[in-house]
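Here is a friendly walk through one protein model, from its overall layout to its core and its hairpins.

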Amino acid sequence: MMHSFMGGGLFCAIVGNILLVVSTATDYWMQYRLSGSFAHQGLWRYCMSGKCYMQTDSIAYWNATRAFMILSAMSCFAGIIAGILSFAHFSAFERFNRSFAAGIMFFVSTLFVLLAMAIYTGVTVNFLGKRFGDWRFSWSYILGWVALLMNFFAGLLNKRVQ
């Protein structure tokens, strides 16, 4: 029974980590209409009229969102490693509860992605949303929220092992 919860937690974490990386790397966090044509932007680039450009402005909310998304992916990956090691039986690790550590890392990852999404959402709704008339959140942004849920459930399933 314990291994099925851990396996489910690891599955959620692996899917969540993939979604975090895809969400962070892609350019569809927000779509909008600019000068009659559609444009979209991510954390690293913005695209207009079929051409993409690097986000060169060092704007605090982009930097904070990027940093928290990267920290979230890194802590989730560390939790995955700890979760995989919890299936191994090394005598050197007997005093270290790896499944508990994995669960904590998944919750830390959840906190980081929550901070990233909250910062991006708040600035977008209060600033960018007023600047662009016809805009919407897009699939990269939605993947970030799905990754948050996957990491949260990974943490719950790994904590359940205790």
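## Layout, core and hairpins

Along the sequence, this predicted model follows the pattern α-β-β-β-β-α-α-β-α. That gives four helices and five strands, where helices (H or I, at least four residues) and strands (E, at least two) are DSSP runs numbered from the N terminus. Residues are numbered from 1 along each chain as its sequence is written. Local features need pLDDT of at least 70, side-chain atom pairs count only at pLDDT 80 or more, totals for chains, interfaces and linings use all residues, and side-chain values use heavy atoms, with hydrogens and water left out.

Of the 162 residues, 42% are buried, meaning under 20% relative accessible area with a 1.4 Å probe, protein chains only. The largest nonpolar core (buried Ala, Val, Leu, Ile, Met, Phe, Trp, Tyr and Cys residues joined through side-chain atoms within 4.5 Å) has 31 residues, and Leu-20, Trp-29, Met-69, Phe-106 and Tyr-120 have the most contacts inside it. Helix 1, strand 1, helix 2, helix 3 and helix 4 each supply at least two residues of this core. Beyond its neighbours within four places in sequence, Phe-106 is in contact (heavy atoms within 4.5 Å) with residues including Gly-9, Cys-76, Ile-80 and Asn-158.

Now to the paired strands, which pair if DSSP finds at least two bridges between them.

| Strands | Bridges | Direction |
|---|---|---|
| strand 2 (residues 37–41) and strand 3 (residues 45–48) | three bridges | antiparallel |
| strand 3 and strand 4 (residues 51–54) | four bridges | antiparallel |

A hairpin of three residues links strand 2 to strand 3, and His-40 stands opposite Cys-47. Two residues lie between strand 3 and strand 4 in their hairpin, where Ser-49 has a positive phi of about 50°; Met-48 has Lys-51 as its bridge partner.

Notes. Buried < 20%, exposed > 50% of the residue type's maximum accessible area, 1.4 Å probe, protein only.
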